[in-house]
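Here is a short briefing to read alongside the model on your screen. Please keep the 3D view open and turn it as you go.

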Amino acid sequence: MSAHDHVTPYADDQVSKKGQVTNMFDKIAPYYDQLNRVLSLGIDVWWRKKAIGLLSKSQPAQILDIATGTADLAIEAAIKIKPKKIIGLDISANMLKIGDEKILKKGLQNIITLEQGDSENLRFDAQSFDAVTAAFGVRNFENLEKGLAEMYRVLKPGGTLLVLEFSKPAIFPLKQLFNIYFKYFLPLIGKIRSKDEKAYQYLYESVQAFPDYGNFTKILDKLGFSNTEYKVLSAGICCIYLAKK
Ligand SMILES: C[S@@+](CC[C@H](N)C(=O)[O-])C[C@H]1O[C@@H](n2cnc3c(N)ncnc32)[C@H](O)[C@@H]1O
């Protein structure tokens, strides 16, 4: 396990990181989408669009969206790529409930199916998908390498991995300004709106501990992925990682 795997939402030794993460997302699910828009000033929508735009070049027919949450990435992929099938998987039943409502409203139920499951123990056969995606999900895994290895296993040879994740801006003065916002203001707004004391403080802490940029592609290389690359978004607040099996 790496250092990042030990960052948990709540200080509770009795419950695993996976259990704590599930409880946290079950709790904040009703507020999740609205808080994403407010806290990112709507930029998170553009980040997902950009990521799916890059994935669309390989025209995947079968897509697995890991940690799909309320299905924003899966919905964007369904609209832009028009694949045969997208399975969206998440450990939090409450996040999936909201995702299902959105999919029905948009009439995408023939393309997207949501199901509850653990990304570190996927029920799918090896080599099942043309693309495996995860937006703001891998940072929450209990065991990052185990989760990524599972994504590798279920990808077809030549298939594409797409990961969208927060990173740490490195340029002065954005680094300093963003850090103040991310460390102090965002947890405060998050706490008031989501009614969860810790969720948005965990967001800050988990991003600090996460191996971003080249440190992340190094892990992908080690697990067998090839053509690993990353694209920095919004001056380093967010990053798209692409790789092939
Ligand atoms: C920050 S949300 C991202 C949701 C969505 N992908 C998006 O772009 O908004 C992270 C999601 O990862 C899910 N998650 C965390 N650990 C997981 C695991 N081991 N297996 C499946 N889902 C997991 C959480 O339940 C949560 O819905």
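The points below move from the overall fold to a central strand pairing and then to the ligand shell.

This is a predicted model. The protein has 8 helices and 7 strands, and its radius of gyration is 17 Å, close to the 18 Å that the globule rule gives for 245 residues, so the protein is as compact as a globular protein of that length.

**Overall fold**

- If you would like a feel for the dimensions, the C-alpha trace spans about 40 × 40 × 35 Å along its principal axes.
- Of the 245 residues, 43% count as buried.
- Among contacts in the protein with a separation of 6 or more, 70% are made by residues 24 or more positions apart.

**Strand S2 and its neighbours**

- A good place to begin browsing is strand S2, which covers residues 85-90. Of its 6 residues, 5 are buried, so S2 is largely enclosed by the rest of the structure.
- S2 has a parallel partner in strand S1 (residues 62-66), and 5 bridges join the two. To find this pairing on screen, look for Asp 65, which stands opposite Gly 88 in S2.
- Between S1 and S2 the chain passes through H3, and this β-α-β crossover is right-handed. Helix H3 takes in residues 72-81.
- S2 also runs parallel to strand S3 (residues 112-116), again with 5 bridges between them. Here the pair to look for is Ile 87 and Thr 113 in S3, which stand opposite each other.
- Helix H4 (residues 93-105) joins S2 and S3 in a β-α-β unit that is right-handed.
- As a reminder for reading side chains here, in a regular strand they alternate between the two faces of the sheet.

**The shell around the ligand**

- Which residues come nearest to the ligand? Of the 21 residues around the ligand, these are Ala 67, Gly 69, Ser 92, Ser 119 and Ala 135.
- Three elements each supply at least two residues of the shell: helix H1 (17-39), helix H3 (72-81) and strand S2 (85-90).
- H1 gives the largest share, with 3 residues.
- By character, the shell divides into 10 nonpolar, 6 polar and 5 charged residues.
- S2 is worth a second look, as this strand supplies at least two residues of the shell and also pairs with S1 and with S3.

Conventions. Residues numbered from 1 in each chain as written. Predicted model: local features only at pLDDT ≥ 70, side-chain atom pairs only at ≥ 80, totals over all residues. Near = placed C-beta within 6 Å. Helix = DSSP H or I, 4+ residues; strand = E, 2+ residues; numbered from the N terminus. Nonpolar A, V, L, I, M, F, W, Y, C, P; charged D, E, K, R; others polar. Rg over C-alpha atoms; globule rule 2.2 N^0.38 Å. Buried ≥ 20, exposed ≤ 12 C-beta atoms within 10 Å, placed from the backbone. Contact = placed C-beta atoms within 7 Å. Pairing = 2+ DSSP bridges. Right-handed = clockwise from strand over helix to strand, strands pointing away.
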